[in-house]
Amino acid sequence: MGVHDNTRDLEASVVTDFSDRMSYGGYLDLATLLSAQRPLSDPEHHDELLFIVQHQTTELWLKLVLHELTAACQWLRHDELGHALKCIARVKHVQRTLAEQWSVLATLTPSEYVEFRGVLGNSSGFQSWQYRAVEFTLGNKNAAMVKVFEADPEAQQLVRQALEAPSLYDEFLHHLARHGHAVPDEILTRDVTRAWTFRESLVPVFTAIYADAQTHWSAYETCEELVDLEDNFQLWRFRHLKTVERIIGMKPGTGGSSGVPFLRRALELTFFPELYAVRTAL
């Protein structure tokens, strides 16, 4: 057997001179990205970097989720259902990543976290404007949340825009109405700044779609994609709850909430209740 040095030869065609070319680090602006992790504990606690990276990567994924959901709403508005479903499919994959990511933070033990928790002050994920915009885009709207972002006018404006825009569900219902489904007028003209609440009058619309899925396949498929979105979101909420419970128990949250009880109540919120009610109606 020949002896080798366990290295891979660099192919002659590989570019190595980036004095006047775009590099990987330049394109991604890694100098900015990798300098954004600034632990505040002094001396720096080993586990604070984990806490920062966990939340920064979540915000990056939320940026993509919001980007895709906004596009899906636009596609639905123009009855481009295939394009909208492509965006939703991508969001579903991001949601799975976000849910699994809680397992990384769960490696932070209570005794480790308590050593640097004090430097967080009142900062909390509750104050994530991107998370709030995603919830609003999916229909869990709450105008009272807008005031949380008064200290950041740009973020507040973006949250307000999400509040005032039709949700993904609103856009889908308008799409159904344009394609002959009997969506009640009071739903089509509702105040979109209000949180979606269960509408009994909508259940027969979905019952007709589910009862004849072959005829209404595109609508049926979209309904199931929306159910996937909600299932994934609820899984994310549950994993969040259990991770917080594992690390801080029943302590209040840094942002002033009751902590675990507050997160548990979020599990009662729903985006598309009629798509679950139709299962009973069939």
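This passage describes the overall build of a predicted model and the cavity inside it.

The protein has 13 helices and zero strands. Read along the sequence, the pattern is therefore α-α-α-α-α-α-α-α-α-α-α-α-α, with helices and strands taken as DSSP runs. The C-alpha trace spans about 70 × 55 × 45 Å along its principal axes.

The protein contains 282 residues, and 39% of them are buried. Contacts with a separation of 6 or more were then considered. Of these, 70% join residues 24 or more positions apart. The accessible surface comes to about 16200 Å². Carbon and sulfur atoms account for 56% of that surface.

The whole structure was also searched for enclosed space. One cavity of 30 Å³ or more was found. Its volume is about 110 Å³. Four elements each give two or more residues to the lining of this cavity: α3 (48–77), α4 (81–105), α6 (129–138) and α11 (217–248).

The lining can be listed by residue. It includes Leu62, Val65 and Leu69. Val91, Gln95 and Leu98 also line the cavity, as do Tyr131, Val134 and Leu138. Leu229, Phe233 and Trp236 complete the list. By class, eleven lining residues are nonpolar and one is polar. No charged residue takes part in the lining. The polar member is Gln95, because Val, Leu, Phe, Trp and Tyr count as nonpolar, whereas Gln does not.

Conventions
Residues are numbered from 1 along each chain as its sequence is written. This is a predicted model: local features need pLDDT of at least 70, side-chain atom pairs count only at pLDDT 80 or more; totals for chains, interfaces and linings use all residues. Side-chain values use heavy atoms; hydrogens and water are left out. On a 1 Å grid over the protein atoms alone, a cavity is a set of points where a 1.4 Å probe fits but cannot get out, and a pocket is an open set with protein on both sides within 12 Å along at least five of seven lines; lining residues have an atom within 4 Å of a point. Grid points are joined across faces, edges and corners, and a volume is the space filled by probe spheres set on the points. Buried means under 20% relative accessible area, exposed over 50%, partly exposed in between (1.4 Å probe, protein chains only). Contact means heavy atoms within 4.5 Å. Accessible areas come from the Shrake-Rupley method with a 1.4 Å probe; for residues, only the protein chains shown count as cover.
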